[in-house]
Amino acid sequence: MNQGRGLLAGRRALVTGAATGIGRAIAEAFVSEGARVAVTDIGLDGARDVAERLGGGTRAYRLDVTDAAETAEVFRSAADWMGGLDLLAANAGISTMNAVVDLTEEEWDSNMAVNAKGVFLSNREAVRHFLAAGEKGAIVNTASLAGKIGAPLLAHYAASKFAVVGFTQSLAREVGEHGIRVNAVCPGYVRTSMQDRELVWEGKLRGMTPGAVRDEYVAATPLGRLEEPEDVAAIVVFLASDLSGFLTGEAINASGGVLMD
């Protein structure tokens with residue numbers, strides 16, 4: 001793990017979906033920048049693995065972000081352990097792929113529950129803690145390139161991520177007067193275990209090999225490579241730090257140029 005510049009020194013952060021991929025990279029980056037981190041994930045063993053590797057400034061919690069009672073309890077417990085809460089990276093998310101004509105209600109509901117409702121519940125708890133403690137606080141929600149532009153086979157996923165962007169903007173307007181900042185990051189084609197699954201799904205649906213789908217992703221990226229989780233984490237650190245102290249309600253493209261607006 002790289003040694004950071006202390007951009008988050010003394011901050012107390014909670015990261016959802018932190019056992020793998022982007023969430024794990026965010027937890028690592030937060031710790032390297034001096035934060036204490038509650039590492040949360042629906043898979044407790046994975047969260048524990050990350051926390052054990054990162055050391056004493058972290059603690060693992062099981063968290064199903066679709067469960068309001070569990071979310072409230074984990075935030076309470078983590079805030080008690082850290083002596084408060086300053087930062088939330090609401091990163092937990094899932095994806096499936098299907099054409100709309102074949103899309104099931106279960107797929108729609110599960111994507112909406114984790115990706116949209118999970119952001120709502122975790123943001124709500126963070127804001128409640130910030131307000132009760134008189135903390136300014138910062139929230140960074142993980143949206144997606146698909147939260148800016150629709151994509152074939154991902155209508156349900158895109159809808160959930162558009163919801164994240166809209167929610168982020170709305171909450172930022174509500175709590176700005178309290179000095180609470182709420183932003184989102186919109187990653188592109190990120191090399192994760194989730195992407196590995198998506199390459200197989202998309203290949204089957206389009207009659208292509210996973211490798212050919214990956215080549216399309218790279219070709220669509222002006223910087224000429226797949227995005228790494230650490231690329232996203234670096235932007236999340238920026239949005240969580242005082243370097244972005246006058247940014248709120250933004251949905252920052254982190255796509256290597258796939259989308260420029």
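**Notebook: strands, then helices**

I started with one pair of residues: Ile-139 has Val-182 as its bridge partner in β6. I'm working on a predicted model here, so I keep that in mind throughout.

Next I looked up the strands around that bridge. β5 covers residues 138–142 and β6 covers residues 181–187, and the two pair in the parallel sense over five bridges.

From there I wanted the whole sheet. In what order do the seven strands of the open sheet come? I read off β3-β2-β1-β4-β5-β6-β7, with parallel pairing. At the edges I found β3 (58–62) and β7 (251–254), each of which pairs on one side only. I also checked the twist: neighbouring strands in this sheet are turned by 20 degrees against each other on average, ignoring direction.

Then I spent a while on β4. On one side, β4 pairs with β1 in the parallel sense over three bridges, and Ala-13 has Leu-87 as its bridge partner there. β4 also pairs with β5, again in the parallel sense, over four bridges. In that pairing I noted Leu-88, whose partner in β5 is Ile-139. So how does the chain get from β4 to β5? I followed it through helix α4 (residues 105–133), and this β-α-β crossover is right-handed.

I checked the side chains of β4 too. In a regular strand, side chains alternate between the two faces of the sheet. Here Leu-87 and Ala-89 point one way, while Leu-88 and Ala-90 point the other way. Are these four buried or exposed? I found them all buried.

On to the helices. I looked up what α1 (residues 21–32) lies across, and the list is β1 (12–15), β2 (36–41), β3, β4 (87–90), β5 and β6. α1 runs at about 170 degrees to β1. Helix α2 (residues 44–54) packs on the sheet as well, touching β2 and β3, and its direction makes about 180 degrees with that of β3.

Last stop: α1 and its helix neighbour α8 (residues 229–240). I got axes that come within 8 Å and cross at roughly 50 degrees. That value falls outside the parallel, antiparallel and perpendicular ranges, and therefore I wrote the two helices down as oblique to each other. The crossing of α1 and α8 is right-handed. Which residues meet there? From α1 I listed, among them, Ile-22, Ala-25, Ile-26, Ala-29 and Phe-30. On the α8 side the residues include Pro-229, Val-232, Ala-233, Val-236 and Val-237. I noted Glu-28 of α1 and Glu-230 of α8 in this contact too.

Methods. Residues numbered from 1 in each chain as written. Predicted model: local features only at pLDDT ≥ 70, side-chain atom pairs only at ≥ 80, totals over all residues. Heavy atoms only, no water. Pairing = 2+ DSSP bridges. Axes fitted to C-alpha atoms, helices over the stretch in contact; angles between N-to-C directions. Contact = heavy atoms within 4.5 Å. Buried < 20%, exposed > 50% of the residue type's maximum accessible area, 1.4 Å probe, protein only. Right-handed = clockwise from strand over helix to strand, strands pointing away. Parallel < 35°, antiparallel > 145°, perpendicular 65-115°, else oblique. Left-handed = near helix turned anticlockwise from the far one by under 90°.
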